[in-house]
Amino acid sequence: MRVALPSALLAFSWVLLGSLTRVSPGAEGGDVVDFERQVRPLLESRCIDCHGAERRRSGLRLDVRAQALAGGDSGVPGIVPGERQESELFLRLKSSDPDLRMPLGDEPLSPREIELLGSWIDQGANWPEESEGKLAGAMHWAYQPVERPSLPEVDDPDWCLNPVDRFVLEELDSRGIRPSPEADRATLLRRVSLDLIGLPPTEAELQAFLADESPGAYERCVDRLLASPHYGEKWGRHWLDLARYSDSHGYTFDGARSMWPYRDWVVSALNADMPYDRFTLEQLAGDLLENPTRDQLVATGFHRNTQVNEENGVDPEEDRIEAVKDRVDTTGTVWLGSTLACAQCHSHKYDPFTQKDYYRIFAFFNQTSDIGGYRAALLGPRVDLPTPEEELRIAEIEEQAERLQQSVQAAALKRGDTFAGWAHDYRSSQEDWQVLDGNARSSGGVELLLQEDGSWLAVGSPPETISYRVALTPDQTRLSAIRLEVLPDPLLGRAESGSFVLTGFRVEREGKPVEIASAVESTPLGLRSLVLP
């Protein structure tokens with residue numbers, strides 16, 4: 001049984017079958033030699049290294065038609081269209097003299113390859129102008145505009161149910177092969193099931209399909225498979241391979257990381273039939289969209305799949321640059337279908353990419369703030385993805401935390417008001433204390449500076465122990481008590497711990513010691529009162 005393919009599958013099959021277009025392997029039998037498919041690859045692989053833009057032995061270039069025709073420094077034409085025996089290129093390839101035969105010092109071309117070039121020259125040395133120059137691959141068939149080919153003539157047009165069948169049948173006819181018999185319905189169902197979801201049909205699905213003899217049964221089967229969640233799982237595998245998906249870091253211990261949400265995003269995007277432009281945009285720049293959703297942030301996991309080096313001693317900047325280069329190379333492979341990595345060191349010889357182009361793309365990805373080494377796993381950018389149940393619990397905890405925070409703030413304000421009132425009352429009860437004038441000095445190289453409020457500021461590096469001596473000149477002849485106040489200062493004290501430790505206190509009058517009747521300490525304000533007899 002044969003059926004017409006759905007349009008989506010037809011487009012995909014067209015891409016696959018495009019590579020099956022028949023090209024004559026040689027020049028026998030009057031076949032026209034194709035420059036792009038047959039001649040250019042041969043010149044690139046065997047000739048351009050010595051006769052290209054960067055190296056021109058004997059002044060000969062074989063990557064530009066005009067110069068190939070003109071020849072090198074000898075002035076002898078390299079290629080004479082229509083005359084292989086007059087073309088120096090052909091004569092050098094066939095020469096038996098090791099000093100003249102080309103490629104010099106390398107394996108000679110095979111007789112078939114030499115004959116191919118000879119036939120090409122005899123046919124006029126057709127050479128599209130677009131294929132010239134250093135970037136000879138600019139018009140490689142992969143870079144040519146897609147054009148709809150004309151449908152080939154076949155012996156049995158009635159056998160063809162869609163345009164693709166004509167190309168298949170043409171190839172079969174050229175090889176003298178008849179098409180295989182039509183597959184039975186059970187085989188057809190198994191094939192399409194494996195193709196679309198990667199799973200064989202169940203017994204129930206098989207029986208239902210065999211029993212459905214109405215028109216469109218196969219198309220309905222295809223629609224059912226395309227709607228299956230397994231469709232995204234099957235086809236997502238190919239994309240995830242390109243995206244170097246992994247739930248581990250990739251180096252040495254290969255520690256675990258949670259990248260599976262990105263895997264699920266790819267599967268869901270394919271199952272939702274997300275347009276390819278949107279599929280591209282969200283993976284490359286989902287975080288730059290206005291008010292990005294959580295899913296759009298997860299989509300950027302495409303370029304979070306770089307390896308993470310956890311080795312001790314890894315250079316963070318080197319590791320970051322390696323990640324940037326990986327992103328450039330992967331973007332080129334996936335979205336351009338080309339290898340860009342070579343252009344890190346030099347311009348492509350056969351593709352339209354220069355080293356400058358490579359580092360222009362590099363600049364786009366060089367805005368990241370990746371952290372190299374083991375810290376990347378701990379501190380690198382991340383997206384938290386709680387389950388719905390966890391989100392409810394998080395909201396409850398945040399609400400409780402907010403209430404507690406408000407309670408703590410209220411208590412702090414109340415405590416501050418209470419302390420301020422107490423301090424005011426205390427100072428009010430101490431109005432008979434007076435700040436005395438005097439002079440002060442200290443030991444150990446510490447300098448005491450008199451401040452505007454009458455206090456002394458100790459500056460300089462303090463020794464382990466220090467002595468302060470203060471000479472007072474009271475306004476009245478009798479002192480009943482002396483109070484030492486240790487005041488807070490932006491320097492946070494003289495000791496490293498920010499504390500002030502008093503180990504001794506002595507009072508003298510006219511050189512004679514004065515007995516201290518009692519001492520009282522007031523810690524909250526840092527006060528020490530010494531009562532004299």
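Reader: Taking helices as DSSP runs of H or I with at least four residues, numbered from the N terminus, what phi does G124 take just after α5?

Author: In this predicted model, G124 follows directly after α5 and takes a positive phi of about 110 degrees.

Reader: And how far apart are the end C-alpha atoms of α5?

Author: They are 16 Å apart, which agrees with the 16 Å that its twelve residues should span at 1.5 Å a residue.

Reader: Which residues of α5 are buried, and what covers them?

Author: The buried ones are I114, L116, L117, G118, S119, W120 and I121, and what covers them includes α2 and α4.

Reader: Which residues have the most contacts inside the largest nonpolar core?

Author: That core has 22 residues, and those with the most contacts inside it are V39, L62, I79, L117, W120 and W127. Helices α2 (35–46), α4 (88–94) and α5 (111–122) each supply at least two of its residues, with α5 giving the most, namely five.

Reader: What is I79 in contact with, leaving aside neighbours within four places in sequence?

Author: I79 is then in contact with A68, L69, S87, L89, W120, I121, A125 and W127.

Reader: Switching topic, where is I321, and why is it called partly exposed?

Author: I321 is in helix α14, residues 316–336. Its relative accessible area is 25%, and because partly exposed covers the range between under 20% for buried and over 50% for exposed, I321 is classed that way.

Reader: What does I321 touch beyond four places in sequence?

Author: I321 touches F362 and N366; I321 and N366 are 45 residues apart in sequence and 7.8 Å apart in space, C-alpha to C-alpha.

Notes:
Residues are numbered from 1 along each chain as its sequence is written. This is a predicted model: local features need pLDDT of at least 70, side-chain atom pairs count only at pLDDT 80 or more; totals for chains, interfaces and linings use all residues. Side-chain values use heavy atoms; hydrogens and water are left out. A nonpolar core is a set of buried Ala, Val, Leu, Ile, Met, Phe, Trp, Tyr and Cys residues joined through side-chain atoms within 4.5 Å. Buried means under 20% relative accessible area, exposed over 50%, partly exposed in between (1.4 Å probe, protein chains only). Contact means heavy atoms within 4.5 Å. The expected span of a helix is 1.5 Å times one less than its number of residues.
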